[in-house]
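Here is a short set of exercises to work through with the model open beside you. Try each task before reading its solution.

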Amino acid sequence: MAATRLGIIGAGIIVRDTHLPILQRIPNRFRVTAIADSRLENAKQLAERLAGKPAALQSADALLARDDVDAVLLAVPPFLAADLAIRALKAGKHLLCEKPMADTVEQARRVYNVWRKTDRVYMVGEQFYFIDVFVRLREMARKNVWPF
């Protein structure tokens, strides 16, 4: 299976300290091809740390227009997330959005409604979702079985 070509929008601390170290441990699954940030210098600094030297861009739209981006990691402030998520989905990109996915419930509904019209994968990066204790609590809630 070919590595998924990943574009990253947002070159802040969460990408630098969390996402990139993880992506570097699984290079056969993902290959970062472009990083965009409104502060071009931040995008350049992150791109320099990666094998393959991804493109450093100042525009999210430039990243979304690229043919060498299959999926997008969206790591921007919440007030920007919904609009960029919609643009990424409409551009035909799979999407992992750092939490929260939106500033308001209405924005989240807009993202959801656009996503439902696509065949793209969309996920909000909620780290607690996969922690064992929360998985078990969800299962108990679904079965309406509580230990307390």
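**Exercise 1. Find how many helices and strands the protein chain of this predicted model has, and the order in which they run.**

Solution. Start with the totals: the secondary structure comes to 6 helices and 6 strands. Next, walk from the N terminus and note each element in turn, which gives β-α-β-α-β-α-β-α-β-α-β-α. To see how this chain is put together in space, turn to its contacts with a separation of 6 or more: 61% of them are between residues 24 or more positions apart.

**Exercise 2. Describe the overall dimensions, surface and charge of the protein chain.**

Solution. Begin with the box along the principal axes, which for the C-alpha atoms is roughly 50 × 35 × 30 Å. Then take the accessible surface, about 9,200 Å², with 56% of that area belonging to carbon and sulfur atoms. For burial, go through the 148 residues: 34% of them count as buried. Finish with the charged side chains, 23 positive and 16 negative, whose two centres lie 4 Å apart.

**Exercise 3. Work out what surrounds glutamine 107 and alanine 108.**

Solution. First place the two residues. Glutamine 107 sits in helix α5, which spans residues 105-116, and alanine 108 is found in helix α5 too. Now look at the side chain of glutamine 107: one of its polar atoms lies 2.7 Å from the backbone nitrogen of aspartate 103. Setting aside residues up to four places away in sequence, glutamine 107 touches Ala82 and Ala102. With that same exclusion, alanine 108 touches Met101 and Ala102. Ala102 therefore appears in both lists, if contact is taken as heavy atoms within 4.5 Å. As a last step, compare sequence and space for alanine 108 and valine 121: they are 13 residues apart along the sequence, and their C-alpha atoms are 16 Å apart.

**Exercise 4. Locate the aromatic pair and classify its geometry.**

Solution. The count comes to 1 aromatic pair. This pair is formed by tyrosine 112 and tryptophan 115, with 5.8 Å from centre to centre and 50° between the planes. An angle under 30 degrees would count as stacked and one over 60 as edge-to-face, so the remaining range is called tilted. Tyrosine 112 and tryptophan 115 are accordingly a tilted pair. Now put the pair back on its element: both residues lie in helix α5, 3 residues apart, which is about one turn of the helix. To finish, check accessibility. Tyrosine 112 has a relative accessible area of 43% and so is partly exposed; tryptophan 115, at 22%, is also partly exposed because its value is not under 20%.

**Exercise 5. Find which residues have unusual backbone features, and say where they lie.**

Solution. It helps to recall the background first: most residues other than glycine have a negative phi, and most peptide bonds are trans. Then look at the bond that joins lysine 99 and proline 100, which is cis, with omega about -15°. Proline 100 belongs to the loop between β5 (94-98) and α5. Next comes lysine 53, with a positive phi near 40°. Lysine 53 is in the loop between α2 and β3, and with a relative accessible area of 55% it is exposed.

**Exercise 6. Decide whether glycine 52 and arginine 138 are exposed or partly exposed, then give a C-alpha distance for each.**

Solution. Take glycine 52 first. Glycine 52 lies in the loop between α2 (40-48) and β3 (55-57). Its relative accessibility is 71%, so glycine 52 counts as exposed. From glycine 52 to methionine 101, 49 residues apart along the chain, the C-alpha separation is 29 Å.

Now move to arginine 138, which is in helix α6 (residues 132-143). Here the relative accessibility is 23%, so arginine 138 counts as partly exposed. Arginine 138 and leucine 84 are 54 residues apart in sequence, and 30 Å separates their C-alpha atoms.

How values were computed
Residues numbered from 1 in each chain as written. Predicted model: local features only at pLDDT ≥ 70, side-chain atom pairs only at ≥ 80, totals over all residues. Heavy atoms only, no water. Helix = DSSP H or I, 4+ residues; strand = E, 2+ residues; numbered from the N terminus. Buried < 20%, exposed > 50% of the residue type's maximum accessible area, 1.4 Å probe, protein only. Areas by Shrake-Rupley, 256 points an atom, 1.4 Å probe, with all protein chains shown as cover. Lys, Arg positive; Asp, Glu negative; His and termini not counted. Charge placed at Lys NZ, Arg CZ, Asp CG, Glu CD. Polar contact = N/O pair within 3.5 Å; in protein donor to acceptor, adjacent residues only side chain to side chain. Phe/Tyr/Trp six-rings, centres within 6.5 Å; stacked < 30°, edge-to-face > 60°.
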